[in-house]
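Let's walk through this structure together, beginning at the ligand and moving outward to the helices and two backbone details. Please have the view open as you read.

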Amino acid sequence: MSLPTRKIGKDDVPYPGLGTMGMSAFYDGAGKTESNLAVLKAAYDTGCRFWDTADIYGNNHMGENEQLLAKAFKEGGVKREDIFLATKFGNYRGPDGFRIVGTPEYVASAIDKSLADLQLPFVDLYYQHRVDKNTPIEETVGAMLKLKEAGKIRYIGLSECSEATLRRASKVAKIDAVQIEYSLWETSIETNGILDACKELGITIVAYSPLGRGMLTGAIKSRADLSPTDFRYHAPRFSEENFPKNLELVEKIKAFAAKKGCTAAQLALAWVHAQWEGIIAIPGTTRLEGLKENLGSVNVKLTAEELKEIRALLDSFVVGGERYPAFAMAALDT
Ligand SMILES: NC(=O)c1ccc[n+]([C@@H]2O[C@H](COP(=O)([O-])OP(=O)(O)OC[C@H]3O[C@@H](n4cnc5c(N)ncnc54)[C@H](OP(=O)(O)O)[C@@H]3O)[C@@H](O)[C@H]2O)c1
């Protein structure tokens, strides 16, 4: 199967991509190495070759998910040179706790740790995962530019940055991608200046959690489907109070998808990709069926009339709850 492509920098990148976070962290079912390798191989074989990881993705230790990808390259039948590979730094977790760090010294050490875990000489795209409020963005991006000059990364990205930070960063180096949450239940980039700034500056938007962390697929029917160790169990949109309310939106999306002859997940991905040709969604899945279904979203073409109807549906609904628990919301660059 050949997937359509969109640009990141000068590269033609197939979409949708694959988020590999849930294979190693945060969601129920993480850590099943053999089945994860099977999904990675199936993604490779079906042309889904834009993969997204981060050094922080690992329930057991930092670098766990990057090490899984290294295994896919070494013994999982995946040729690294066929993958457009993105990783991220900036969320540090160790024996001394968690912090967001973007000092030039840390940037230099973080890429070396990621490359060692991936067993690779370079990655295609390197993002700052979260903006470090104690380090001027010019210093962080200046350090990333040095990595580019040294051949350790090909493109520079920021994740969860504000418009102001993005504009400052863009004066130091070419920013090629902004990774940010964007989906049927999270449209704030349309009003906070990020979408417009990316259009103006020629920056690809990499839409993360495009399935609303699984909620928009309709597969999560109640809070009882999540264990207390799953990140979502503690996320405001999945709370006792908000879950039933947000399920009403999901039911409407499911009904629309049924009318269109696709699944809710496919509708959610087709909608994201229909918003601008500079957007690539990176849904995450740990299942072969999920992968196949998500890739099938490229065959769902939404008409102008359907997009209008979906927009009216979104405008009529107030999503319950913030994207993250309060401590994580407070850490965001706004
Ligand atoms: N930059 C950041 O701060 C940030 C934050 C979060 C995520 N990300 C990136 O974005 C990627 C995707 O985000 P995400 O994983 O949070 O959320 P997502 O892609 O919106 O949803 C993933 C969830 O949906 C389920 N799912 C996937 N396809 C499905 C389908 N067709 N039908 C039913 N369920 C389906 C998955 O479960 P199954 O495994 O059971 O399919 C998983 O629980 C991550 O892997 C990560 O790379 C980045």
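In this predicted model, the side chain of Thr286 places an N or O atom 2.6 Å from an oxygen atom of the ligand, which fits the definition of a polar contact (a pair of N or O atoms within 3.5 Å; within protein, one must be able to donate a hydrogen and the other to accept it, and residues adjacent in sequence count only if both atoms are side-chain atoms). Nitrogen atoms of the ligand are involved too: one is 2.9 Å from an N or O atom in the side chain of Ser159, and a nitrogen is 3.1 Å from an N or O atom in the side chain of Gln179. On its own the ligand has 890 Å² of accessible area, and the protein covers 91% of that; such areas come from the Shrake-Rupley method with a 1.4 Å probe, and for residues only the protein chains shown count as cover.

Now look at the shell around the ligand. There are 32 residues around the ligand, and Tyr27, Asp52, Leu211, Thr285 and Thr286 come nearest; a residue is near if one of its heavy atoms lies within 4 Å. By class, the shell has eleven nonpolar, 14 polar and seven charged residues (Ala, Val, Leu, Ile, Met, Phe, Trp, Tyr, Cys and Pro are nonpolar, Asp, Glu, Lys and Arg charged, and the others, Gly among them, polar). Helix 10 (residues 288–295) gives the most to this shell, with three residues; helices (H or I, at least four residues) and strands (E, at least two) are DSSP runs, numbered from the N terminus.

On to helix packing. Helix 9 (residues 264–275) and helix 11 (residues 304–315) pack at about 105 degrees, their axes 12 Å apart; axes are lines fitted to C-alpha atoms, for helices over the stretch in contact, and angles run from 0 to 180 degrees between N-to-C directions. Helix 9 is therefore roughly perpendicular to helix 11, a label for angles of 65 to 115 degrees. Leu267, Trp271, Ala274 and Gln275 of helix 9 meet Leu307, Ile310, Arg311 and Leu314 of helix 11, where contact means heavy atoms within 4.5 Å. These residues divide into six nonpolar, one polar and one charged.

Finally, two backbone details. Tyr15 and Pro16 are joined by a cis peptide bond, with omega about -5 degrees, and Pro16 lies in the loop between strand 2 and strand 3. Glu160, in the loop between strand 9 and helix 6, has a positive phi near 55 degrees although this residue is not glycine.

Residues are numbered from 1 along each chain as its sequence is written. Local features in this predicted model need pLDDT of at least 70, side-chain atom pairs count only at pLDDT 80 or more, and totals for chains, interfaces and linings use all residues, while side-chain values use heavy atoms, with hydrogens and water left out.

Note on methods. Angles under 35 degrees count as roughly parallel, over 145 as roughly antiparallel, 65 to 115 as roughly perpendicular and the rest as oblique.
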